[in-house]
Each structure stands twice: as structure tokens, then as C-alpha cells.
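Hi,

Here is the structure I promised to pass on to you. Have a look at it first, and then read on for what turned up in it.

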Amino acid sequence: MSSTSRITLNRLALANNLAFLRTVIGDHAIFSSVVKSNAYGHGIEHFVPLVEACGIDHFSVFSLEEARRVKHVCAPETRIMIMGHIADEDLPWVIEQGIEFYIFAPHRLRETLRVCRELDRRARVHLELETGLHRTGLEEDELPGVLELVIQNQALVEVAGTCTHFAGAEVVSNYYRIQNQIREFHERVRWLQDGGLDCGLLHAACSAAIFNYPETILDMVRVGIAQYGMWSSQETRIRYLQRGDREGVTRSPDPLRRVLRWSSAIMDVKEVAEGEYISYGYSFLSSRGMRIASVPVGYAQGYKREISNQGHVLIRGSRAPVVGVINMNMMLVDITDIPDVTIGDEVVLIGMQGDIEISVSSFSDMVHNLNYETLVGLPAETERLVVDRPLPARRNGL
Ligand SMILES: *Cc1c(COP(=O)(O)O)cnc(C)c1O
């Protein structure tokens, strides 16, 4: 291993997740694989081809830079959709490449039309409707102007889709807010259609919504976290299982499998006598003679400092507690109770070793993070490998 840690992507886990998600969304909807933020830390260049190999040909990203990276590795006919930011000066490139993008405000539509006229090219756009998230999206009073412009300029813009995004479909306490959004979305789409617009593909659902609001599985879904083998929230998983129980359907407690595993190797081993402070400052005092291993991963690599003195890693199939504060590029772990540990032994930071797993969610819970935050903090520069690791037997816990 030349980098200080390694991320492996399990092709079999991904294939399992995509097959399972297809059963959830049905045969009809297009699956758009959301690969923003370096494919949720998995690595765009490694992840995108794996997804394509499973028959998916639509990817969603946030920014131009991400679109560029996807474009670099994907098949020519694969569709890419930018859901977020594009600087005005980059619009010509996006349009020339045939990359789809959101019209999230009237100014984006006006600028798009100007560029299309200049280039003599047609843009493929998605109208993002504001329905209650109050982030980006066309407001109700902006729709008449947008409709008129689009209808007048059909030669310059193709409305490939019309969409919205929910304000937290992963927690039941947002139920009424989401219901409201679903209603608003359909009303506004109908209004646009009555005005003579072909709205293209309708899409609204993210991972949580395909489980919690299956009625929002429309022409396309935009799925991020679930394809990587994680739930948007524990609640989403439990609700999915409960619904199965109510309907008398046997559901696997663990239908999603983690694609990613993050590991490193022991750099050095030291004996520390009783009564010594370990790592910076005074946060950990050895209560006995201890064996301490150093691992070359720290907060610069996304191993959060809040995990100091709390977390554990896996070595030789056992848990080794993190001792002392996490340094910028290193952490120390207690291996006193694990026999025969030597320099170079594998250290699992996230993922399985033997029968034990450190899940992203347990890792995230420790630092009061979302799964999402932990994943996107994973080091971009670290070595990534694709492997075919057989999936472990189904378990009850996560
Ligand atoms: C990130 C994102 C998604 C995917 O969300 P997941 O919860 O990861 O499935 C879908 N739509 C939009 C607009 C997003 O920003």
C-alpha cells in the first residue's frame, strides 16, 4: 500500500444494492445514480464504471467539476445531469457536451437561451420547482414567465424533465411538510402541462422517498446513499421492515450491503508503562503497561478528531480502542489484549474484518454526524481498488 490507507469498493455489494433497489422502484422508473461529492467519498472514477456495468446510464451530480469527471469515465451515450451549480461562463461547455442541468431560477433560463442562440445549440434542461424546501427552484409566481419563454424557444431548449427535492423524507416528523410538497409538485406540473408544456421526465424521489413515499417514484428517481449500501436514516430502514411485517412479507433485515471498506496498516508498535500519558496532552493516561500501535490515518484523512478516546478499529478480527487524541496524520490504538499484532497488520477503520463490522453509521453516531458527512470526509487522494468480496451472511444489526 503506497498511500497511508486504502478504500476498496465491493462490486458484488453494489450489484446487490442496485438489484434490490430495482425491486423497490419497479420496472418503469429510470434510475439516476447520484454521484456528487466524489460519489459520496467512494471515488467517481472507480464508482461510475461499476454502476454502468450494472446497466445504469444516468448520473446526477452537483457541480460542473463533478460532471467533467463523470464524463471522463462514462460511456458516450450515458446521460449526466447537474442538479446544482454551474457558473454562467461554463454554460457553453455544458451545453456543447449535451450535459443536462437544472433551471433553478429564471435567470438561469435567460442565460441558457442566450448561450444557445450564440452557439446555435439546443440545451437539455430540467425545470426545478420550488415546493417547500425553500432552497433553489422556480417559485409559483415565476412559472408563467418561464412557461412563456420555454414555449417560445422550444428550438433552443428541450425540457428533459421537471423535478423537485424533498425537505427531509427520511424522518417521519417531516410527514406533513413532504405531503404538502408532493401535492404542490403535482399541481404545478399540471399547470405547466395545461399551458401546453411537455414536462419531460417527472422526478422527485431520493433514497428516503423511494422507501417512505413510494408514490413519489415517478418517471425517474435520484438515488444516492442507498446504492452505496446505507440507509438515509435508521428510521427509514425500520419503517421499511415494519411495513413488510404488516403486509406479511418476509423482508431481509439487511437488504443493502456496504460497498466501501476503508483500511490502513500498522506503522509501528510500542510498549508504554503504566501511568504515562499517550498522544498529545493529558487526555489518556495508561492504567497498566500497554502495547500501543500507531496507524497513519488522522483528521487530515477524514478520521474525525471527535473520535479521540472513543472509537475503535479492527485488527486481527478484534476491536482495538483508539487512545488519546487523533493527530493530523496519525492515531494510536490499544492492542494490549490482541495477541501477536505486528507492524504491517491490516487495520480496518470502516467495514468488516472477520465477523465484526465498523459501520459508517456507528462511526457517524460517535461524532453526531450523518452517514453522508462521514462518507464525504473520506480522503479523495487515497488508493482505491475494486474487489469482488463475497457478501457476509445476513444479520440483524447494521
Ligand atoms: C443528494 C441528492 C439526492 C440523493 O439523495 P440521497 O438521500 O443520497 O438518495 C437527490 N436529489 C438531490 C437534489 C440531491 O441533492
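Glu 346 is partly exposed, since its relative accessibility is 31%. Its salt-bridge partner is Arg 261, and the closest N and O atoms of the two are 2.9 Å apart. This pair joins distant parts of the chain, with Glu 346 in strand β16 (residues 346-353) and Arg 261 in strand β10, 85 residues apart. Arg 261 is buried, at 11% relative accessibility. Please keep in mind that this is a predicted model.

How many salt bridges does a search of the whole structure find? There are 21. Let me take you through two others.

Glu 357 pairs with Arg 258, and their closest N and O atoms are 3.2 Å apart. Glu 357 belongs to strand β17 (residues 356-358), whereas Arg 258 sits in the loop between α10 (234-246) and β10 (260-265), so this salt bridge ties together parts that are 99 residues apart in sequence. Are these two partners buried or exposed? Glu 357 is buried, with 17% relative accessibility, and Arg 258 is buried too, with a relative accessible area of 16%. Both values fall under the 20% cut-off for buried.

Asp 345 forms a salt bridge with Arg 316, and here the closest N and O atoms are 2.7 Å apart. Asp 345 is in the loop between β15 (331-334) and β16, and Arg 316 is in the loop between β13 (312-315) and β14 (318-323), so the pair ties together parts that are 29 residues apart in sequence. Asp 345 is buried, with a relative accessible area of 12%, while Arg 316 is partly exposed, with 44%. Elsewhere, salt bridges that share partners bring Arg 79, Glu 100, Arg 124 and Glu 158 together in one network.

On to the spaces in the model. A search of the whole structure for cavities of 30 Å³ or more finds one, and the largest cavity holds about 40 Å³ of space. Which residues line the largest cavity? They are Met 230, Arg 258, Leu 260, Ile 350, Gly 351, Glu 357, Ile 358, Ser 359 and Val 360. You will recognise Arg 258 and Glu 357 in that list, the two residues that form a salt bridge with each other. Strands β16 and β17 each give at least two residues to this lining. By class, the lining has five nonpolar, two polar and two charged residues.

Then there are the pockets. The largest pocket has a volume of about 840 Å³. It is lined by 39 residues, of which Lys 36, Tyr 40, His 165, Glu 170 and Tyr 372 are the closest to its centre. Two or more lining residues come from each of the elements α2 (36-40), α9 (207-212), α11 (360-366) and α12 (371-376). The largest share, four residues, comes from α11. The lining of the largest pocket divides into 17 nonpolar, 15 polar and seven charged residues.

The second largest pocket holds about 220 Å³ of space. Of its 16 lining residues, the closest to its centre are Asn 10, Arg 258, Met 352, Glu 357 and Pro 392. Arg 258 and Glu 357 are thus among the residues that line this pocket and also among those that line the largest cavity. Strands β10 and β16 each supply at least two residues of the lining of the second largest pocket. This lining comprises seven nonpolar, two polar and seven charged residues.

Last, the cysteines. How many disulfides does the structure hold? The number is zero. For Cys 74, the closest cysteine sulfur is the one in Cys 54, 15 Å away, which is too far for a bond. The sulfur of Cys 116 is also too far for a bond, because its closest cysteine sulfur, in Cys 163, is 18 Å away. For comparison, the cut-off for a disulfide is a pair of cysteine sulfur atoms within 2.5 Å. Cys 74 is buried at 12% relative accessibility, and Cys 116 is buried with a relative accessible area of 0%.

Happy exploring, and write back any time.

Best wishes

How values were computed:
Residues numbered from 1 in each chain as written. Predicted model: local features only at pLDDT ≥ 70, side-chain atom pairs only at ≥ 80, totals over all residues. Heavy atoms only, no water. Salt bridge = Lys/Arg side-chain N within 4 Å of Asp/Glu carboxyl O. Buried < 20%, exposed > 50% of the residue type's maximum accessible area, 1.4 Å probe, protein only. 1 Å grid on protein atoms, 1.4 Å probe; cavity = no way out; pocket = protein on both sides within 12 Å on 5 of 7 lines; lining within 4 Å. Points joined across faces, edges and corners; volume = space filled by probe spheres on them. Nonpolar A, V, L, I, M, F, W, Y, C, P; charged D, E, K, R; others polar.
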